[in-house]
Amino acid sequence: MESNMHTYGVSYLYLANAMFIAGSAVVVSKIMVGSLPMFLATELGIIVGMMCLIPLVFFIKKEAIQTDLKTNAILLLQALFGVFFYRIFTFWGLQYTTAANSGLITSSSPVIVALLAFFFLKERLSRQRILGIFFVVIGLFIINLYPFFNGETDGSTSIKGNVLILLAVFCEALFSIMSKVACKPVSALYRTAIITFYAFLLLLPFSIYDGLYYDWTRINSSSIFCVFYYGVFVSFLSYVLWFKGIERVQASSSAVFTSIVPVSSIILSALVLNDSILFVHIIGLICIISGIFVSAYTHAPT
């Protein structure tokens with residue numbers, strides 16, 4: 001019994017750290033877009049991530065090639081939506097909205113996955129899951145409409161950024177839906193490595209264009225640090241910790257840990273970026289986390 005408790009404790013620690021790192025992604029992304037073009041910033045982070053993933057998968061783990069044509073097609077689509085579009089919309093949106101808003105909107109991903117699964121995979125929406133979606137929608141409305149009710153002049157700009165972040169979340173949700181498409185089974189690390197490589201190829205021509213016309217004297221030490229942090233921690237370590245954590249934890253339990261994302265993003269936005277944490281952020285946070293908890297426990301064992 002004590003051994004099982006220790007195992008679950010370690011697994012929960014892995015999941016919590018993975019989601020804390022995921023929450024920090026919007027903060028480092030905000031810093032990166034301040035001095036780097038979005039395609040170049042995205043590609044540099046992916047290159048650093050590949051430098052960690054490729055040696056681990058093919059030289060340390062020594063995994064053999066595990067894919068066929070259909071599997072490669074699915075992985076390519078996952079790279080397109082889950083990495084290429086997701087990160088571009090995120091970097092683009094952060095030019096117009098705050099990291100705190102972005103973290104809150106991004107955290108709604110599990111509920112949006114459930115909604116898309118209903119339309120594309122014909123999965124049943126229980127009353128609990130519908131209630132969870134309702135809470136998340138209310139939270140998103142509060143975050144987006146607050147600037148107008150508060151009389152802020154840049155409300156429409158903030159809305160534009162929030163919509164772009166929401167598009168990024170939908171792309172991430174499509175990535176999750178594609179994971180359920182029947183294809184040749186591959187290990188989680190192998191899948192991550194191949195998707196990262198495909199994303200590198202997709203971004204390459206755009207990042208080269210950005211690099212040719214970018215004034216490299218604008219890059220600063222903060223951006224360089226953030227590129228390496230994004231590559232090592234966000235693109236690599238967070239995946240490893242998550243995959244290690246979910247080995248012994250039920251899906252319904254692991255989904256609850258996604259509620260750490262908005263908490264860490266708000267705290268780090270205040271500490272690192274000096275973003276103002278408003279009452280509306282707290283209300284939005286409560287609504288979104290409530291939606292995640294309600295949805296996550298829909299299929300929890302009784």
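Accessible areas here come from the Shrake-Rupley method with a 1.4 Å probe. With that in hand, let's start with the whole chain and then zoom in.

**Figure 1. The whole protein, an all-helical predicted model.** The structure shown is a predicted model. Its accessible surface comes to about 14,900 Å², and carbon and sulfur atoms hold 70% of that area. The secondary structure consists of 12 helices and zero strands, which reads along the sequence as α-α-α-α-α-α-α-α-α-α-α-α. Of the 302 residues in the protein, 49% are buried. Contacts also reach across the sequence: among those with a separation of 6 or more, 91% join residues 24 or more positions apart.

**Figure 2. Helix α4, enclosed by the rest of the structure.** Helix α4 covers residues 99–106. Eight of its eight residues are buried, so the helix is largely enclosed by the rest of the structure. If you would like to pick them out, they are Ala-99, Ala-100, Asn-101, Ser-102, Gly-103, Leu-104, Ile-105 and Thr-106. Thr-106 turns up again in the next view, in the lining of the largest cavity.

**Figure 3. The largest cavity and its lining.** Rolling a probe the size of a water molecule over the atoms shows where empty space is left. How many cavities of 30 Å³ or more are there? The count comes to one, and the largest cavity has a volume of about 40 Å³. Its lining is made by Ala-22, Ala-25, Val-26, Ser-29, Tyr-86, Thr-90, Thr-106 and Tyr-230. Which helix gives the largest share of that lining? That is α1, with four residues. Both α1 (2–32) and α3 (69–93) supply at least two lining residues each.

**Figure 4. A nonpolar patch on the surface, with Leu-121 in it.** Phe-118, Phe-119, Phe-120 and Leu-121 together make a nonpolar surface patch of about 400 Å². Leu-121 sits in the loop between α5 (109–120) and α6 (127–149). Its relative accessible area is 30%, so Leu-121 ranks as partly exposed.

**Figure 5. Leu-125, a buried loop residue.** Stay in the loop between α5 and α6, where Leu-125 also has its place. Is Leu-125 buried or exposed? At 19% relative accessibility, and with under 20% as the cut-off, Leu-125 counts as buried. Setting aside neighbours within four places in sequence, the contacts of Leu-125 are Ala-114, Leu-115, Phe-118, Ile-130 and Ile-133. Phe-118 is one of the patch residues of the previous view. Ala-114 is 11 residues from Leu-125 in sequence, and their C-alpha atoms are 7.7 Å apart.

**Figure 6. Thr-192, a buried residue of helix α8.** Helix α8 covers residues 188–212 and includes Thr-192. With a relative accessible area of 8%, Thr-192 is buried. What does Thr-192 touch beyond its neighbours within four places in sequence? Its contacts there are Leu-53, Tyr-239 and Phe-243.

**Figure 7. Asn-274, a loop residue with a positive phi.** Most residues other than glycine have a negative phi. Asn-274 is not a glycine, yet its phi is positive, at about 60°. You will find Asn-274 in the loop between α11 (260–273) and α12 (279–296). In contrast to the buried Thr-192, Asn-274 counts as exposed, with 65% relative accessibility.

Technical notes:
Residues are numbered from 1 along each chain as its sequence is written. This is a predicted model: local features need pLDDT of at least 70, side-chain atom pairs count only at pLDDT 80 or more; totals for chains, interfaces and linings use all residues. Side-chain values use heavy atoms; hydrogens and water are left out. Patches are made of residues with over 30% relative accessible area and no salt bridge: like charges are joined within 9 Å, nonpolar side chains (Val, Leu, Ile, Met, Phe, Trp, Tyr) within 5 Å. A salt bridge is a side-chain nitrogen of Lys or Arg within 4 Å of a carboxyl oxygen of Asp or Glu. Buried means under 20% relative accessible area, exposed over 50%, partly exposed in between (1.4 Å probe, protein chains only). Contact means heavy atoms within 4.5 Å. On a 1 Å grid over the protein atoms alone, a cavity is a set of points where a 1.4 Å probe fits but cannot get out, and a pocket is an open set with protein on both sides within 12 Å along at least five of seven lines; lining residues have an atom within 4 Å of a point. Grid points are joined across faces, edges and corners, and a volume is the space filled by probe spheres set on the points.
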